[in-house]
Amino acid sequence: MVVIDTEVSIDKKYLPMTIEVPSNWESISPKICVFLTHGAGGDKDFHQLVALSIKLAESGYMCARFTCKGLNIKYRTRAYVEVVRHVCLKYSSLTGCVFAGRSMGSRAALMAANCISKSPNQPKSEISDKHSEQTLQPAKRKRKHSERNSKCDVKPKPDLCENCHAVHPPSCNTLGVICLSYPLHPVGGKELRSQPIFEANVPVIFLSGTNDDMCDLPTLETILTTAFSNQNNCRGWINERKYFLPPSIVCRATSLSSFSNHDNLDDNQSQAIARLTEAYRNHGHKLADVNPLNHFDKPTVVELDPACYGLKLDEKLSQEQENLLVKDVVDGLKAIYCGSISLETSTVECSLEKEWLFSCFAETQARELPHDLKRQICKLMVKSQNLDNFLGTKFPTLKRYGGEGAESMLPFFHQFLHSVCDSGVEQVFVGTAHRGRNNLLVGQLNFPLEVMFRKIKGLSEFPESALSIATGDVLSHLNISADLDMEGGRKLHVNLLGNPSFLEAVNPVAAGKCRGRQQTLGEGPHKGSKAVCLLMHGDASFTGQGIIMECFNMTKLPGFDVGGIVHLIINNQLGFTTPSELGRSSPYASDIGKMIGCPVIRVNGDEPEQLLKAAEIAAKYRHEYKKDIIIDMLCYRKWGHNELDDPTFTQPLMYRDIHGRQSVPDKYTDKLIEAGIVDKNTVDQWIENSMAHWNSLLKKCDNYVPEPIYLAPDSPWGKMSLPNVNHVTTWDTGCHGDELRYIGAKSVEVHEDFAMHEHLTKSHAEARVEKLQTDSLVDWALAEAFAFGSLLNQGYDIRLCGEDVGRGTFSHRHAVFTCQQSGNYHIPLNHMLEDQKAQIEVVCSLLSEEAVTGFEYGMSIENPDRLVIWEAQFGDFFTGAQIIFDTFITSGEAKWMYQSGLVVLLPHGYDGAGPEHSSCRIERFLQGTNSSEDSIDGDGVNISVCHPTTSAQYFHLLRRQMVRNFRKPLIVVSPKILLRLPAAMSHMKDFQPGTHFLPVIGDSSVKEPQRVKKVVLCSGKHCYALEKERSKLIKTEVINQSDVAIVKLEELCPFPAAELQRELSKYQSAEAYVWSQEEPRNMGPWTFVSPRFENLLGVKLKFAGRRESAAPAVGIGGLHRQEVEKLMKETFA
Ligand SMILES: Cc1ncc(C[n+]2csc(CCOP(=O)(O)OP(=O)(O)O)c2C)c(N)n1
Ligand SMILES: [Mg+2]
């Protein structure tokens, strides 16, 4: 038994510190040390922890307890790390540590444990990302699936890191964290659970209960041996259990702390210098030499005046051996923090992170780059400049948005790829705009120049075979998926995505695609080890476009987190003709990143080596903390917005400076030549060789056949085909009744311990089971569950995302249940089978349309085996994402050959809800299709727009998305009242094998079709109102039984001409054809269907609907009712 009798009291904020160990620690060789902390929690905490420490000591564990009264969480965390570091250094026998604390102590422990357990060589995570509980249910796991759901990232022992001495303890592994908390404790009970605790890379055990509760369970051995010994199976809540900690030995306090870095300095002076140092860290960036144009006055930063801290520049540092002055310290600080690269960490929350950043920054800065790397940088930039010159000479009227003035982005990109590859990353997803894009594509991503030349000359970037679908995109939007050969025989896959002109719209798409790939590669909840995202921005668009804020808001949400994104702002200090001071209200272009505490490295674009270093720091930081980081590269634009613009119209002074400058590549080349690192002949040779090579490619480009860059055979897309453009294929999407009944029952099943809401138990779960047992009609939600369940059984993953999708806007879905006792979530469809592989991820999203839709589109283009669904809260809110619809969803395939099977659910229907909750603006989607007005549509039409009227139709639509051998976005004009309308419910037989989606549903109620005088055509829920009205008219004998047929267009696009023709041919005596719709005449499907009926079917339709309107619907109840009445009259007149 080893009893350690100590308490470390940290009462100063000055860190780092040294810790003296009491003499009775000298003779032991502990294996595990348990760290206990207690803070301002008073006696309760104290006694509990004392009891715990006693038990631990009794059980042979080394135990250090320390008081953190008065320290905030940052310093506590830091204190923890320092103590651990010290103890680990002292005891090489130590193999692991366990933390325990209450409330704030637990939080600090978790943060510290995370820091300590970080290691550059992480083993592969075994957590499958597919378990959507990781998204929605971080805390709860189902017992049956305990093993699969509870595996944790366990890190190997990290080495002592010289550069961030405060962070990595040597030879020690964090075994776990014990959080002691009352269930309803204001901090422990609530805040702890809402904290990003499950980002913890270490096992976490929660002991909850009152003090008394915690004193009546077996022994702490149980916790330590059962929980922490099996490191793969120790994460989760142990809520209802109680632990007994018998009192016996009491630990005593010894207060120890000092200020290590300045041990030998006079206390007052050392404190003043410490404060000045801190000031340089916090404010140095304001004076940094990061603007190559230098036409701005530097601000006065009072915080950096040594006098503020009582220091004089010529003051000697007391007790220093050498005759050092305060001035020498200031010069040193300036050199580090105010040079051509600076670090801004003002909103970085965690002091450990700051510490890490500053250490890494200082270390990277101090390092001289090897000569061969310098030569490489030089070559990259010279080649880039050369490409711009070449294109400028050969194609003088071309707008190429060259990289001139921003060439330092090339070493940045080069180093970023190398750094991420070194850290084990296999794939990189890049979103970037126009500026310098071609320089990257050609210079680093092996883009075939022949294709680029073809593009410039007006030839296609696609092979002949794609031209039935592809219409291509402009030069500045070209994209590539490249497999790069890296050092050591490694491969790095880099995907630079197609980009629309709409600046920054690509960001969520790139992030979504990255997330999709992370899931495909099996990355666990701690993403970003294998696939990473890099986004490059213009300064004006980064500060001006709202999507940036939406994307930042996503970064830490479990459903959207990609493990941190690295952002490079190509800050040429102009947006078109708008200078920064007119383009943003914030001092820095990067300031929006402050909303998530993003660190910023600001670099002078004239210093390519610093850009390279910034890339290295950024890649390391992202890898270490899995958070976003911004590199703000201040540079300039050699020409106008494009090469044909004259920038001196608007920026005469700036361009006087720019035009007089030596280019970045030339300046750097001269520097290297002067230093003897490269010789002029070599540089000339580089230029000559590439010119000769490009000239020969230019000659050959007309006959060059571009490679198909889509549906890559070695990817999951290889099994997809190009859609048949000549006809619309029918796909058998039915399923066996037994399978569906099983799915239906499983879709509402929860574990017996799970407390489902009483109302849901009766009205949803039990009602569903009863329906299934009695073969009753299938409602919308059940049909959806059938579709989801059957697709999961077929091995397709599903992601359902949107605002409140778990429950559903109309409280009909309940794909996720919330336990009424624990608040935990459960998704039954993920537990249909013991060894179920495919999973549904249900993501209740942030309140964003544009970024979320972009993200979902990105997910959808990553893998054809994942059904991705975005549901709008109400249909009309999709307009917030109009950019994504226009530039990606409807046109991504035509522009870049990206197939996407994204499903968009848009609740729609006129029910008096007013202008904004009635219409999903069907007309806008129909206008966005390339369906033909005068010829028959095929599968090649860019999107499907459907308006199903029964639950079975919805089921078949969802299944069709995955069953067919190509992917197309599907817009479902989805219902509100039909969700529960009995008439919209389908029979089980409508789901059976052999059944499929019906683009047109004829009128089965008409027994004598040859007597029909009028055919009313419509789509959506309106048909039920029409049928009701017709019954009324028949009953009142206004019309006869077979006078009017009502035909439903379930699929508006591709336009089902053949099916309609078949249907209409039944009504040989029809004299009138009416298109009846709820929407005003200038909206809804009218303008789409009318010419098609006329051109393809020879039918002249009469319109019945609301008159033209400015708003989609009226907001006055009485007016709404009048409109309905008039609409009915017109339809049946
Ligand atoms: C959403 C959007 N609005 C306007 C434009 C038109 N436009 C194209 S480039 C540009 C300036 C962009 O400035 P910045 O983001 O700083 O990039 P830079 O061109 O300076 O590299 C503008 C306004 C656009 N492409 N996208
Ligand atoms: Mg700009």
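## A buried aspartate

Asp-591 counts as buried because its relative accessibility is 12%, where buried means under 20% relative accessible area, exposed over 50% and partly exposed in between (1.4 Å probe, protein chains only). Asp-591 is placed in the loop between α18 (580-583) and β16; helices (H or I, at least four residues) and strands (E, at least two) are DSSP runs, numbered from the N terminus. The backbone nitrogen of Tyr-588 is reached by the side chain of Asp-591 at 2.9 Å.

## Basis of the model

This is a predicted model, in which local features need pLDDT of at least 70 and side-chain atom pairs count only at pLDDT 80 or more, while totals for chains, interfaces and linings use all residues. Residues are numbered from 1 along each chain as its sequence is written, chains are lettered from A and ligands numbered from 1 in the order in which they are written, and side-chain values use heavy atoms, with hydrogens and water left out.

## The magnesium site

The magnesium ion (ligand 2) has as protein donors Asp-539 (OD), Asn-572 (OD1) and Leu-574 (O), lying 2.0 Å from it. Donors are N, O and S atoms within 2.8 Å of the metal (3.2 Å for Na, K and Ca); water is not among the atoms, so sites may look incomplete.

The spacing of the donor residues in sequence is D-x32-N-x1-L. Asp-539 belongs to helix α16 (residues 539-544) and Asn-572 to the loop between β13 (565-571) and β14 (574-575), so the pair ties together parts that are 33 residues apart in sequence. Asp-539 and Asn-572 are both buried.

## The surroundings of ligand 1

Around ligand 1 there are 15 residues, of which His-434, Arg-435, Ser-501, Asp-539 and Ser-541 come nearest; a residue is near a molecule or strand if one of its heavy atoms lies within 4 Å of it. By class, this shell has 5 nonpolar, 8 polar and 2 charged residues. The most is given by α16, with 3 residues, and α16 and β14 each supply at least two.

Oxygen atoms of ligand 1 lie 2.8 Å from a polar side-chain atom of His-434 and 2.6 Å from one of Asp-539. For Asn-572, an N or O atom in the side chain is 2.9 Å from an oxygen atom of ligand 1. Taken alone, ligand 1 exposes 580 Å², and the protein buries 75% of that.

Notes: Polar contact = N/O pair within 3.5 Å; in protein donor to acceptor, adjacent residues only side chain to side chain. Areas by Shrake-Rupley, 256 points an atom, 1.4 Å probe, with all protein chains shown as cover. Nonpolar A, V, L, I, M, F, W, Y, C, P; charged D, E, K, R; others polar.
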